[in-house]
Amino acid sequence: MNTTIMLFLIQDGITNGAIYALLGLALVLVFAVTRVILIPQGEFVTFGALSYAMLCTGTVPGTVWLALAMGAVAFVLDLFTARRALHLNRIGRSFALNLVFPAAIVAATYLLAGPKTPIAVNIVLALLTVAAIALYLYRLAFQPLAHTSVLVLLIASVGCHLALQGLGLVFFGAEGLRGPPISTAAFTVGTLRFTGQSIAVYAVTIAFIIALWLFFGTTLMGKALRATAVNRLGARLVGIRTTLSGQIAFLLASVIGAISGILIVPITTLYYDTGFLIGLKGFIAAIIGGLVSYPLTAVAALVVGCVEAFSSFYASNFKEVIVFTLIIPVLVLRSLAAPAVEEEGD
Amino acid sequence: MSALLEISDVHISYGKVEAVRGVSLAVADNEIVAIIGANGAGKSTLLNAAMGILPLKGHIAFASENIARLQIEDRVALGISLVPERRELFATMNVEDNLQLGAFRIPRAAAAQSFERVYALFPRLKERRKQLAGTLSGGEQQMLAMGRALMGAPRLLMLDEPSLGLAPIIVADIFRTIAELRASGVSVLLVEQNAQAALKIAGRAYVMELGEFVLSGPAAEIAANDRVAASYLGFQSEGAT
């Protein structure tokens, strides 16, 4: 191997690793706050990417209708759970969040979608759609189970993944899609060629990490999320609603997932079921970080990206096998290092 | 006497085991009420149920509003605050963040006032404001737990065994602070095994045994009761005052 190839592979690995880092961070965040292992994270990636790709061809993706349908069910569920004490302002809030918001997205998409719509508008529409779906997914699938064990939540999570993947096939078809790049600029440094798109990947990843750090470190809401992660009962005792923390965690995770998808769909062709594999690699990084450590997760994601790049060069048939094998020594080490913990019984 | 917290004929069970049986209690505005009793009598259970952590059967009202169906967070919003026995602090966050989160439900301006009030009550917390909650001593953690509960400007503060595991000199400090709270218009419902200290600051008291109140009345009378003196205050009847 010569240095040029190595540099290419490292560059490729870091670009992919940055995406895995974003997804891994979102997984850690959601797990810490809600104890949900977010398997449908991969669907947020594909829904974001493919909605964006479809919008760029001027068609309205079915995901906007999914958002509206899920919002309607969420509204009915809200009415049902609050049936004993129907406060007008509570119903109003639920109505605005679960019906007006997704209806506005549908309307905006139909108004704005077209072959000449600017890329930025398409990105915003795709992000809003996925964010709404995630919000209602939390309401429908996870909020009613918030008090159950991690295992029950994981089973629900797998169920959501399968359902959303099936819906993805309905909305986007079996064909793969590609989206237009955010930037077509490119420049070369030595032998390495940097495209605008890969620069965008780095920039967005770094921006997100800084934004998350500021959010958790300085804002009251960010601190409330951390508090929920550190001590659920303590957080409830100061009046932080578990539901609110869960909603915000899901919103952040879905926006991160959709952004990741939008960033990679100009680089690789995405299919309705590609997201799962991408999410799984973020998951490996999150596992290496023990589902608690943000910095460790980010570093592990870069390692995963590089291992993937090198193994696809040397043994492309075994690319995935090698990447997923990474998890075994980590699990062995962690199980040896950590004392047996009993699951908290709240 | 207008009752701030009113509990009547309340039953609380863990599965099939009934831990609290038919208990009634009232806390008036600006009053310190103590519940004393041995370990396992059901005192903490009652407090946790009043906060909404455990489900209860029976009537519970706060400021004349039925709160039996309300979630923990909604009870906090009404002005009830619990300092649980295990304190439930945010161990990996610093003192200031813990306190700030205590004011999560109240406006920013009110939170600034709360900070001043809490730091005046517990100057030690101000000195330690950048330290992580998990690294504080037991006494400081208790102060922080109380401070955090007070940040939200509650009308009723419920304290579960605030003296547990603390050195006597710190216990005296904590109880002095609880007595001061009443002067600032906060009612206190205090659950304590340290009956002597509790009865000294309380206006009224209940004695709990095996899930039932066996005795209630003004704290001075309870303290003078022969049986209480023998069982909880640790001296014989001639020593009781």
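**Exercise 1. Work out how many residues of chain B are in contact with chain A, and describe that side of chain B.**

Step 1: start with the count. In this predicted model, 21 residues of chain B touch 16 residues of chain A, where a contact means C-beta atoms within 7 Å.

Step 2: look for the helices involved. Helix 2 (72-78) and helix 3 (95-102) of chain B each give at least two residues to the side that touches chain A.

Step 3: sort that side of chain B by class. You get 11 nonpolar, four polar and six charged residues.

**Exercise 2. Find out how chain B compares with the globule rule.**

Step 1: list the secondary structure. Chain B carries 10 helices and 10 strands.

Step 2: set the radius of gyration against the rule. Chain B comes out at 17 Å, close to the 18 Å that the globule rule gives for 241 residues, so chain B is as compact as a globular protein of that length.

Step 3: add the extents. The C-alpha trace of chain B spans about 50 × 40 × 35 Å along its principal axes.

Step 4: check burial and contact range. Of the 241 residues in chain B, 47% are buried. Take the contacts in chain B with a separation of 6 or more: 66% of them join residues 24 or more positions apart.

**Exercise 3. Split chain B into domains and describe where they touch.**

Step 1: write down the bounds. Domain 1 of chain B is 1-79 + 155-241, and domain 2 is 86-153.

Step 2: get the spacing. The C-alpha centres of these two domains of chain B are 23 Å apart.

Step 3: count the contact. Here 11 residues of domain 1 of chain B meet eight residues of domain 2.

Step 4: see what builds the domain 1 side. Helix 2 and helix 7 (168-183) of chain B each supply at least two residues, and helix 7 has the largest share, with four residues. By class, the domain 1 side has eight nonpolar residues, two polar and one charged.

**Exercise 4. Describe how helix 2 and helix 5 of chain A pack.**

Step 1: take the geometry. Helix 2 (residues 41-56) and helix 5 (residues 119-142) of chain A pack at about 145 degrees, with axes 9 Å apart. Their crossing is right-handed.

Step 2: pick out the residues. Helix 2 of chain A brings, among others, Phe44(A), Phe47(A) and Gly48(A), while those from helix 5 include Ile123(A), Ala126(A) and Val130(A).

Step 3: classify the contact. The tally for this helix pair of chain A is 12 nonpolar, four polar and no charged residues.

Note on methods
Residues are numbered from 1 along each chain as its sequence is written. Chains are lettered from A and ligands numbered from 1 in the order in which they are written. This is a predicted model: local features need pLDDT of at least 70, side-chain atom pairs count only at pLDDT 80 or more; totals for chains, interfaces and linings use all residues. Two residues are in contact if their C-beta atoms, placed from the backbone, lie within 7 Å. Ala, Val, Leu, Ile, Met, Phe, Trp, Tyr, Cys and Pro count as nonpolar, Asp, Glu, Lys and Arg as charged, and the others, Gly among them, as polar. The radius of gyration is taken over C-alpha atoms; the globule rule is 2.2 Å times the number of residues to the power 0.38. A residue is buried if 20 or more other C-beta atoms lie within 10 Å of its own, exposed if 12 or fewer, and partly exposed in between; C-beta atoms are placed from the backbone. Axes are lines fitted to C-alpha atoms, for helices over the stretch in contact, and angles run from 0 to 180 degrees between N-to-C directions. A crossing is left-handed if the near helix is turned anticlockwise from the far one by less than a right angle, and right-handed if clockwise. Domain bounds come from an automatic or database domain assignment.
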